[in-house]
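Please open the structure in your viewer and keep the selection panel at hand, since this tour moves from one stop to the next. At each stop you will be told what to select and what to look for there.

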Amino acid sequence: MTVQDLVAALRLKVLTGEAALQREVSGGYAADLLSCAMARARAGNVWVTLQAHANVVAVASLLDLAAVIITEGVEPDPAARQKADEEGVVLLSTPQTTYAVVAEMARLGIPAGS
Amino acid sequence: MGAPVVCERLELSTPWLQELRSAEQSSAADFAATTGLGGGHAVAESAREDQAISASRPVVPKSQELVYELKIGEIMTRDPVVVGPDCLMSELKEILRVRRISGVPVVDNGSLVGIISIEDLIVALEKGETSARVGDKMTRQVQTVYADESVIQAVTKFARYGYGRLPVVDRSGRLVGIVTQGDIVRGLLRQLDVQWQEEEIHRYRASHIFEDIESDQTGLVLRYKVTARDFVRGGEASSKLKKALERLGGEPQLVRRVAVAAYEAETNLIIHTDNGGDLIAEVQPDRIRVVALDTGPGIPDVEMALRPGFSTAPDWIRELGFGAGMGLNNIKSCADEMRLESRVGVGTRLEAVFYLPGRREKEAA
């Protein structure tokens with residue numbers, strides 16, 4: 001499943017990283033603590049979080065994540081968007097809760113990130 | 001024409017094209033299986049080029065990226081041969097034969113009115129209609145692509161309609177070129193070749209640094225200044241370090257471990273220090289040493305600080321997702337060696353060492 005497929009299935013809004021939507025999703029990870037994401041999320045994973053500041057982008061870029069889904073309609077600040085554009089990080093947004101997004105991803109057969 | 005045989009070879013020898021096809025789902029289904037008749041010779045050359053490229057590095061993701069990056073205008077054939085609607089099929093036969101092409105757009109008074117292909121000609125020849133007008137035999141519903149669209153648009157249309165060629169128009173509808181599947185293959189290969197050569201030169205220069213320079217001990221020191229409370233730039237130093245290590249040809253798993261540790265160390269400098277600090281990476285032939293240095297306030301109880309989940313971060317920092325009390329543990333689990341020294345009122349020195357794969361082999365031997 002590609003990021004694009006996920007965007008379509010979950011009706012996500014693409015905020016940044018339009019060019020990288022064909023990337024294959026290797027798994028999913030959910031947490032709002034950056035250190036936890038740093039320790040557990042793997043390259044190609046989609047990270048579900050309601051954090052939306054520039055450091056989320058830094059973590060996503062360092063870990064080479066396929067995308068970050070920002071939940072509960074939280075809008076990333078301009079610095080985060082700009083950084084995401086520079087780093088080519090895919091930021092997606094949804095009004096749904098983290099739980100709902102994760103449940104949906106599991107239903108689509110996306111495994112826990114590893 | 002030898003095109004069909006060439007096509008088979010092309011398909012067998014181009015796994016990246018197959019990947020491209022699966023990546024684009026069905027959109028590129030016939031992309032490699034059928035090639036414009038006129039493209040035969042050049043495609044044969046392309047197939048050889050492609051073998052040379054794919055033997056030396058995986059090109060799959062790049063080719064996928066390129067079909068989005070490259071514009072149709074960059075790969076199309078400019079100033080294509082065109083005919084008018086009053087051209088006779090017998091004249092068309094000569095044009096196709098002499099120009100070695102397999103179809104032409106039909107233009108009337110400067111605007112595109114249709115397209116006629118070698119297939120239409122064969123049908124007409126079978127029926128003995130050599131003196132029919134092109135205007136009566138052409139396809140009128142012409143699928144076109146824009147010159148400023150991505151190549152993927154053309155790939156998708158080729159797959160959907162099964163045409164051998166697509167006229168290219170500008171946004172005012174003026175015919176500016178024609179694109180065949182052969183043009184796409186050639187365009188992608190040319191671009192891959194250019195980028196590959198540029199990348200190879202960079203990579204070679206960087207990865208041979210330790211072989212080319214002789215000394216008793218060679219090391220490369222990368223020093224990054226980290227500002228306290230500057231969350232907006234958080235991760236910048238470790239991100240730059242990661243890119244530098246990739247440039248140096250570092251093995252991806254190792255680069256990842258160093259980057260995670262460096263990020264946590266950088267974050268600690270941002271959150272906890274009075275005046276920020278330095279993140280220093282020393283790259284040696286057998287190891288990478290990452291040191292985070294600051295001038296205070298210092299850690300009162302180092303043992304406590306190393307306990308998983310222990311955090312002194314204030315609430316506002318925790319709300320940003322930091323301060324989980326896992327940073328030092330992350331560093332420890334990523335590094336092969338870790339040392340933490342601190343004195344209150346003086347500062348803290350964190351050192352994480354990562355062995356390079358070569359060293360382990362040597363030690364085992």
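Before selecting anything, it helps to know that a residue is called buried when its relative accessible area is under 20%, exposed when that value is over 50%, and partly exposed in between. Keep in mind as well that this is a predicted model.

**First stop: a sheet in chain B**

Begin by selecting β1, β6, β5 and β4 of chain B, which are four strands forming an open sheet in the order β1-β6-β5-β4, with mixed pairing. At the edges stand β1 (77-78) and β4 (145-146) of chain B, and because each has a single partner strand, one side of each is left without a neighbour in the sheet.

Now narrow the selection to β4(B) and to strand β5 of chain B, residues 165-169, which pair in the parallel sense over two bridges. If you pick V145(B), you can look across to its bridge partner in β5(B), which is V168(B). Then add helix α9 of chain B, residues 151-161, which lies across β4, β5 and β6 (175-180) of chain B and runs at about 140° to β5(B).

While you are in this part of chain B, select Y146(B) together with R171(B): the arginine lies over the face of the tyrosine, at 3.8 Å from the ring centre.

**Second stop: aromatic rings**

How many aromatic pairs does a search of the whole structure find over all chains? The search gives three. One of them joins Y161(B) and Y163(B), whose rings are stacked, with 5.8 Å centre to centre and 10° between the planes. Are these two tyrosines buried, exposed or partly exposed? Y161(B) counts as partly exposed because its relative accessibility is 33%, and Y163(B), with a relative accessible area of 33%, is likewise partly exposed.

Next select F231(B) and F322(B), which form a tilted aromatic pair at 5.1 Å centre to centre, with 35° between the planes. This pair links distant parts of the chain, 91 residues apart: F231(B) is in the loop between β7 (220-226) and α12 (236-247) of chain B, while F322(B) is in the loop between α15 (315-319) and α16 (327-334) of chain B. F231(B) is buried, with a relative accessible area of 10%, and F322(B) also counts as buried, at 4% relative accessibility. Adding W316(B) to the selection completes a cluster, in which ring pairs link F231(B), W316(B) and F322(B).

**Third stop: salt bridges**

Side chains of opposite charge can pair when their charged atoms come close. Over all chains, a search of the whole structure finds 24 salt bridges, and a few of them are visited here.

In chain A, select E75(A) and R81(A), which form a salt bridge with their closest N and O atoms 3.5 Å apart. E75(A) is partly exposed at 46%, and R81(A) is partly exposed at 28%.

Returning to chain B, select K137(B) and E129(B), whose salt bridge has its closest N and O atoms 2.8 Å apart.

Finally, select E351(B) and R339(B), whose side chains meet in a salt bridge of 2.8 Å, N to O. E351(B) lies in strand β11 (residues 347-355) and R339(B) in strand β10 (residues 337-343) of chain B, so the pair ties together parts that are 12 residues apart in sequence. E351(B) counts as buried at 5% relative accessibility, whereas R339(B) is partly exposed at 34%. To end the tour, widen the selection to E282(B), R289(B), E337(B), R339(B), R349(B) and E351(B), which are linked in a network of salt bridges.

Conventions: Residues are numbered from 1 along each chain as its sequence is written. Chains are lettered from A and ligands numbered from 1 in the order in which they are written. This is a predicted model: local features need pLDDT of at least 70, side-chain atom pairs count only at pLDDT 80 or more; totals for chains, interfaces and linings use all residues. Side-chain values use heavy atoms; hydrogens and water are left out. Two strands pair if DSSP finds at least two bridges between them. Contact means heavy atoms within 4.5 Å. Axes are lines fitted to C-alpha atoms, for helices over the stretch in contact, and angles run from 0 to 180 degrees between N-to-C directions. Rings of Phe, Tyr and Trp (its six-membered ring) pair if their centres lie within 6.5 Å; planes under 30 degrees apart count as stacked, over 60 as edge-to-face and the rest as tilted. Buried means under 20% relative accessible area, exposed over 50%, partly exposed in between (1.4 Å probe, protein chains only). A charge sits over a ring if NZ of Lys or CZ of Arg is within 6 Å of the ring centre and within 35 degrees of the ring normal. A salt bridge is a side-chain nitrogen of Lys or Arg within 4 Å of a carboxyl oxygen of Asp or Glu.
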